[in-house]
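Biologist: Could you take a close look at one part of this model for me? I'd like to hear about a single helix and how it sits against what's around it, and then wander outward from there.

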Amino acid sequence: MHKQKIHVNDVGVRDGFQIEKKLMPTETKILLIDALTATGLAKIEATSFVHPKFVPNMADAETVLRAITRREGVLITAITPNIKGMERAIAVHTAGGRIDEMNLFMSASETHNMANVKRSTSQSLADFAVMVPMAKAVGIKLNGCVSTSFGCPFEGSVPEYRAMMFAEKYLEIGFDGITFADTTGMANPVQVERMMTDAKRRFPGTEITLHFHNTRGMGLANVIAGIRAGITSYDSSIAGLGGCPFAPGATGNICTEDLVNMLDDMGFESGVDIDRLLAVAVKIPAIVGHEVPGQVMKAGKTMHLHPIPKKLYEA
Ligand code: ZN
């Protein structure tokens with residue numbers, strides 16, 4: 001039987017590490033990205049070109065991109081909020097630190113965009129209109145992320161047309177793919193299926209990715225809702241790294257190995273080697289110095305069977 005392909009992208013080294021207080025050694029990031037690359041993931045978000053003053057853990061973007069091992073079929077991606085970051089990205093891309101895809105982001109919510117990148121949404125779009133041709137000229141693919149597509153921690157519910165409106169503007173500007181992000185874990189499965197059914201109808205042929213956080217325990221349920229609507233690409237983070245800047249202690253992104261284990265059980269083809277992935281995940285608590293939300297790394301994958309207790313025979 002032909003299995004449906006689901007693409008899994010790991011964003012742990014970026015979305016996860018950016019929120020860690022501890023400064024992660026560059027060498028650790030390189031080893032981690034290389035280990036993830038070998039598991040068969042579709043994309044790995046390796047770093048972010050943001051001002052080191054705001055996110056000290058991403059100050060080594062250039063070094064990381066130059067040092068990591070490349071593997072056929074695994075796209076290395078990076079994000080940036082502004083033109084200055086795009087200039088840095090292009091400089092390293094053309095000097096031996098290839099970036100396959102840049103991910104640009106703004107929020108569906110006006111308030112969140114102002115808080116996050118200190119711009120109005122129209123200013124962000126104007127910047128993207130400059131940045132997209134810059135990146136395309138050097139052969140970098142462009143993905144546009146609409147943050148807070150499913151809800152805003154300041155405004156509450158965000159009118160659903162806004163996510164669609166900005167996605168449409170992205171495609172006009174020349175982006176190749178769209179991500180709808182549930183930045184602070186406010187999406188629910190009914191909403192996801194409804195909005196993504198709409199998105200598939202509006203943007204046929206466009207690669208659509210969903211980015212969920214498990215802040216309120218609905219992360220994997222939201223993935224199923226997305227799959228039901230026909231979305232086949234998902235962001236997740238190794239060991240469930242990450243968090244929510246507005247909810248200290250909250251769970252992070254959906255967990256990569258939990259996602260892959262679920263897809264395996266349900267008969268989807270992710271192309272990811274779950275055993276290799278788990279071998280990476282179990283090292284994460286020591287790297288970050290705290291407990292992580294990943295569940296399969298603690299319980300073992302579903303088909304990890306146990307010997308039948310002796311007592312059963314003795315009774
Ligand atoms: Zn995120």
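Modeller: Sure, and keep in mind that this is a predicted model. Let's start with helix α2 and a quick sanity check on its length: at 1.5 Å a residue, its 12 residues should span 16 Å, and the C-alpha atoms at its ends sit 17 Å apart, so the two values agree. The helix covers residues 26-37 and packs on the sheet, where it touches β1, β2 and β3. Its direction makes about 165 degrees with that of β2. As for which of its residues are tucked away, the buried ones are Thr-28, Lys-29, Ile-30, Leu-32, Ile-33, Leu-36 and Thr-37. A bit of helix geometry helps in reading that list: an α-helix has 3.6 residues a turn, so residues three or four places apart point the same way.

Now the sheet under that helix. Eight strands close into a barrel, going round in order from β1-β2-β3-β4-β5-β6-β7-β8, with parallel pairing. From one strand to the next, the twist averages 25 degrees. Strand β1 (residues 7-10) and strand β2 (residues 43-48) run parallel and are joined by two bridges, and Asn-9 stands opposite Lys-43 in β2. A little further round, helix α4 (residues 83-93) lies across β3, β4 and β5, and runs at about 170 degrees to β4.

Next, the metal. The zinc ion has Asp-15 (OD), His-211 (NE2) and His-213 (NE2) as its protein donors, 2.0 to 2.1 Å away. Along the sequence, the spacing of these donor residues reads D-x195-H-x1-H. His-211 has 6% relative accessibility, and because the cut-off for buried is under 20%, it counts as buried. His-213, at 5%, counts as buried too.

His-211 also leads us to Ala-181, which touches it along with Cys-145, Val-146, Ser-147, Thr-148, Ser-149 and Phe-150, leaving out residues up to four places away in sequence. Ala-181 lies in strand β6 (residues 177-182), and its 2% relative accessibility makes it buried. One of its contacts, Thr-148, is 33 residues away in sequence, yet the two C-alpha atoms are 5.9 Å apart in space. Thr-148 is in the loop between β5 and α7 and counts as buried, at 0% relative accessibility. Its phi is near 45 degrees, a positive value in a residue other than glycine.

Lys-118 shows that backbone feature as well, with a positive phi near 55 degrees in a residue other than glycine. Lys-118 is in the loop between α5 and α6, and at 59% relative accessibility it counts as exposed.

Last stop, the nonpolar packing. The largest nonpolar core holds 86 residues, and Phe-180 and Met-196 touch the most other members. Not counting residues up to four places away in sequence, Met-196 touches Phe-150, Met-164, Phe-180, Ile-208, Leu-210, Ala-229 and Ile-231. There's also a second, separate core of five residues, including Ile-79, Phe-105, Cys-145 and Ala-181. Phe-150 ties these last threads together, since it appears among the contacts of Met-196 and among those of Ala-181.

Notes: Residues are numbered from 1 along each chain as its sequence is written. This is a predicted model: local features need pLDDT of at least 70, side-chain atom pairs count only at pLDDT 80 or more; totals for chains, interfaces and linings use all residues. Side-chain values use heavy atoms; hydrogens and water are left out. Two strands pair if DSSP finds at least two bridges between them. Helices (H or I, at least four residues) and strands (E, at least two) are DSSP runs, numbered from the N terminus. Axes are lines fitted to C-alpha atoms, for helices over the stretch in contact, and angles run from 0 to 180 degrees between N-to-C directions. Contact means heavy atoms within 4.5 Å. The expected span of a helix is 1.5 Å times one less than its number of residues. Buried means under 20% relative accessible area, exposed over 50%, partly exposed in between (1.4 Å probe, protein chains only). Donors are N, O and S atoms within 2.8 Å of the metal (3.2 Å for Na, K and Ca); water is not among the atoms, so sites may look incomplete. A nonpolar core is a set of buried Ala, Val, Leu, Ile, Met, Phe, Trp, Tyr and Cys residues joined through side-chain atoms within 4.5 Å.
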